[in-house]
Amino acid sequence: MRRFLLSMVLLSCGMGSGWCETITVEQLRVDCASANGSEAQTACAAYLMGMVHGLQIGTLFTKRRKPFCIPESVKSPQAIQMFNKAAAESSEMVKEPADLLWIMTLSSAFPCSKSK
């Protein structure tokens, strides 16, 4: 699973771009901790939910096990709360790519049931 998560982070940089600018946990946490309804918090919600939707679509047509199975009932305020909690509890990841912490958070909170 760790190898899969790392590959997702690397792929999120874009293929063939030559460089990759990622947002760190520290940077995203500032946006996510901003006032409700602010542009910064809207950007946070867009980032978090964009990753959820991107990963769901990315795994839809593959035979790989999904990294998480998030219920449709999860909305952006809950996603923001989850990210803020994970960021606060993971101070060692403050300079790491935010998407890595977010994928790890979703994988822990919403594991997929193992089908036989």
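**Exercise 1. Determine the accessible surface of the protein and the share of it that belongs to carbon and sulfur atoms.**

Solution. In this predicted model, the accessible surface comes to about 7700 Å². Carbon and sulfur atoms account for 57% of that surface. As for burial, 34% of the 116 residues count as buried.

**Exercise 2. State how many helices and strands the protein has.**

Solution. The protein contains five helices and zero strands, and its pattern along the sequence reads α-α-α-α-α. Turning to contacts between residues at least 6 apart in sequence, 70% join residues at least 24 apart.

**Exercise 3. Classify the mutual orientation of α4 and α5, and characterise the residues of their contact.**

Solution. Step 1: the axes of α4 (residues 76-89) and α5 (residues 98-109) come within 10 Å and cross at roughly 110 degrees. Step 2: angles of 65 to 115 degrees count as roughly perpendicular; α4 and α5 are therefore roughly perpendicular to each other. Step 3: on the α4 side, Ala79, Met82, Phe83, Ala86 and Ala87 take part, and they meet Ala98, Leu101, Trp102, Thr105, Leu106 and Ala109 of α5. Step 4: the residues of this contact comprise 10 nonpolar, one polar and no charged.

**Exercise 4. Decide whether Gln41 counts as buried or exposed, and identify what it touches.**

Solution. Step 1: Gln41 belongs to helix α3 (residues 39-60). Step 2: buried means under 20% relative accessible area; Gln41 has 12% relative accessibility and so counts as buried. Step 3: leaving aside residues up to four places away in sequence, Gln41 touches Asp31, Cys32, Ser34, Ala35, Asn36 and Ile80. Step 4: a polar atom of the Gln41 side chain lies 3.5 Å from the backbone nitrogen of Gly37.

Notes: Residues numbered from 1 in each chain as written. Predicted model: local features only at pLDDT ≥ 70, side-chain atom pairs only at ≥ 80, totals over all residues. Heavy atoms only, no water. Axes fitted to C-alpha atoms, helices over the stretch in contact; angles between N-to-C directions. Helix = DSSP H or I, 4+ residues; strand = E, 2+ residues; numbered from the N terminus. Parallel < 35°, antiparallel > 145°, perpendicular 65-115°, else oblique. Contact = heavy atoms within 4.5 Å. Nonpolar A, V, L, I, M, F, W, Y, C, P; charged D, E, K, R; others polar. Buried < 20%, exposed > 50% of the residue type's maximum accessible area, 1.4 Å probe, protein only. Areas by Shrake-Rupley, 256 points an atom, 1.4 Å probe, with all protein chains shown as cover. Polar contact = N/O pair within 3.5 Å; in protein donor to acceptor, adjacent residues only side chain to side chain.
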